[in-house]
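This report covers a protein and the RNA strand beside it. It turns first to the RNA-facing surface, then to one sheet.

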Amino acid sequence: MAVKSQISTVKTRIAPSPTGAPHVGTAYVALFNWAFARQNKGKFLLRIEDTDRARFVPQAESQILEALNWLGLSWDEGPFRQSERLPIYLEHAEDLIKKDHAYYCFCSETRLEDVRQKAQKEGLPPRYDRFCRKLDPKIAAGRAKKEKFVVRLKVPEEGTTSFADLIRGEIHFENKVLDDQVLIKSDGYPTYHLAVVVDDHQMGVTHVLRGEEWISSTPKHILLYQAFGWDLPKFAHFPVLREASRAKLSKRHGAVGILEFKEEGYLPEALLNFLALLGWSHPQGKEIFSLDDFAEKFDLRRISTTAPVFDREKLDWMNGEYIRQLGTRQLGIRLKEYLKEYRGMEIDPDILERIAPLVRERIKKLGELEALAGFFFTDVAWTKEELLGGGESGGSASEKLSAAAEILEGFTVWETKKLEEKVRGLAQEKKWEAPALFMLLRVAVTGQTVSPPLFECMEVLGKEKTVSRIKGALKILEAD
RNA sequence: GGCCCCAUCGUCUAGUGGUUAGGACAUGGCGUUCUCAACGCUAAAAGAGGGGUUCGACUCCCCUUGGGGCCA
């Protein structure tokens, strides 16, 4: 049996604007689009919506690419750039004018402002009064050759524009509340609305899956599809991510840039897993699952309609889970790459592989490594107060340190278990409280009161450094 | 202001007319313990309000309230 065509090939897209550092909201929407395309054996494309020249940030595009690459959300087509397609939008606008679905508008800013104010005074929505819609098309075309103009969509005066949102169900808009949307701006650039419709159609996008902030633009887009005589894609609108205050996710309360999460030491797989759980739930109630599993189980019908709060505490927990799942070798590699990229440190991978098991259960982000285990790479310094912090019950601190230094110096098998045996033996012999002795040694060896287990630290640090630090601490204590 | 979306523990959510309303994060307690974690056990914690529909509503409908978005 011959297959007629591939008309039903699913195609989704992510279409960020290069107006700044890419936002987690973009990752969120990209994730769902990616998963939907993948499970339907379709395509996922990337389009850069760079027609807003006022807000254009030159390096933003490369950051978007970097962010998506880091997350592993690879696109099958693109990146396309709207700025490279300007003539296409103009042609389409002209086509609509010819079909009497759009018209030239010559109204000045001041007149539009007057119209707006007047409408507001009368308690009416601030819409364009359609003054130029009544102009004779031939005369208007003539004026357009000399005067500044915009092109507006001729929205039907009556009727209803509806669509079946894949997540929310039927949504209706009265046409009479819709404005005659600007399609081409006076600078000759298309508006978002024109460009997005032309592009989605030309690029074969079958499913427009985007944030809920676009719901009220959807009727305009549908009217455009209809004016062109094109088939409609399916629409679905995800809830938007919120701050604890319920406001839109914002910079003031923490990171919102995808690359900021990378820089803090979140794992991309953890961030994605966390994002997947905002508004979506695993059919088996799982909290931790792979990207592959997600792509397989993802279902738009399981997306909830309420806007979720981006809970950074849960993200931290999840990132910790992913770190704990990593093998020693893998974690060592991640740490090495992280330190290299963000701290400019070149650390021996073998050392990091030995440190990895000591920190695995203790850090939630790669960026926390230095605070917990920086003493492995850098010298430590102490004050008397820090060394005496544990009190001197059952023996003076300097007495303890010198005894420990002596016993460790003569030690040949430098291994965690043996070290612990030896030092515990010392405590027993001298009738010192073991926990107090350990704390004193911890501060001496690591310069911290919080560290990975003492004897593991000693083993990794090595005999030479361990002993010299204890002696160094001793000197501080003995100085006046 | 107009239009639109939304409403289960503090947070993320399960649930699709009859459940002791379940799980996860966070929080408290206990255990383990060389600090800190991790881990185990455990506790507290929820269907905004009001009307309907129904033998029966968290679940369906309407209104109110509250939150959010878009348009300028």
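In this predicted model, four elements each supply at least two residues of the surface near RNA strand B: strand S7 (169-174), helix H11 (312-325), helix H18 (434-446) and helix H19 (454-461). H18 gives the largest share, five residues. In total, 49 residues surround RNA strand B. The closest are Thr305, Pro308, Val309, Trp317 and Pro453. What is the make-up of this surface by class? It has 23 nonpolar, eleven polar and 15 charged residues.

**A parallel sheet**

Three strands form an open sheet in the order S1-S2-S3, with parallel pairing. Why is one side of S1 and of S3 left without a neighbour? Strand S1 (11-14) and strand S3 (77-81) are at the edges and have a single partner strand each, so one side of each lacks a neighbour in the sheet. Neighbouring strands are turned against each other by 25° on average, direction ignored.

The two pairings compare as follows.

| Strand pair | Sense | Bridges | A facing pair |
|---|---|---|---|
| S1 and S2 (residues 43-48) | parallel | four bridges | isoleucine 14 opposite leucine 46 |
| S2 and S3 | parallel | three bridges | arginine 47 opposite phenylalanine 80 |

The chain passes from S2 to S3 through helix H2 (residues 60-71), and this β-α-β crossover is right-handed. Between S1 and S2, arginine 13 also has a bridge partner, leucine 45 in S2.

**Helix H1**

S1, H1 and S2 make up a β-α-β unit, and this unit is right-handed. Helix H1 (residues 24-39) lies across both S1 and S2. Its direction is at about 165° to S1.

**Burial of the strands**

In a regular strand, side chains alternate between the two faces of the sheet. Are the faces of S1 covered or uncovered? Both faces of S1 are covered. Lys11 and Arg13 lie on one side, Thr12 and Ile14 on the other, and all are buried.

S2 is mostly covered, with six of its six residues buried. Lys43, Leu45 and Arg47 point one way from S2. Phe44, Leu46 and Ile48 point the other way, and these are buried too. Several of these residues recur in the pairings. Buried Arg13 is the bridge partner of Leu45, and Leu45 is itself buried. Likewise, buried Ile14 stands opposite Leu46, which is also buried. Arg47, buried in S2, faces Phe80 of S3.

Key:
Residues numbered from 1 in each chain as written. Chains lettered and ligands numbered in written order. Predicted model: local features only at pLDDT ≥ 70, side-chain atom pairs only at ≥ 80, totals over all residues. Near = placed C-beta within 6 Å. Nonpolar A, V, L, I, M, F, W, Y, C, P; charged D, E, K, R; others polar. Pairing = 2+ DSSP bridges. Axes fitted to C-alpha atoms, helices over the stretch in contact; angles between N-to-C directions. Contact = placed C-beta atoms within 7 Å. Buried ≥ 20, exposed ≤ 12 C-beta atoms within 10 Å, placed from the backbone. Right-handed = clockwise from strand over helix to strand, strands pointing away.
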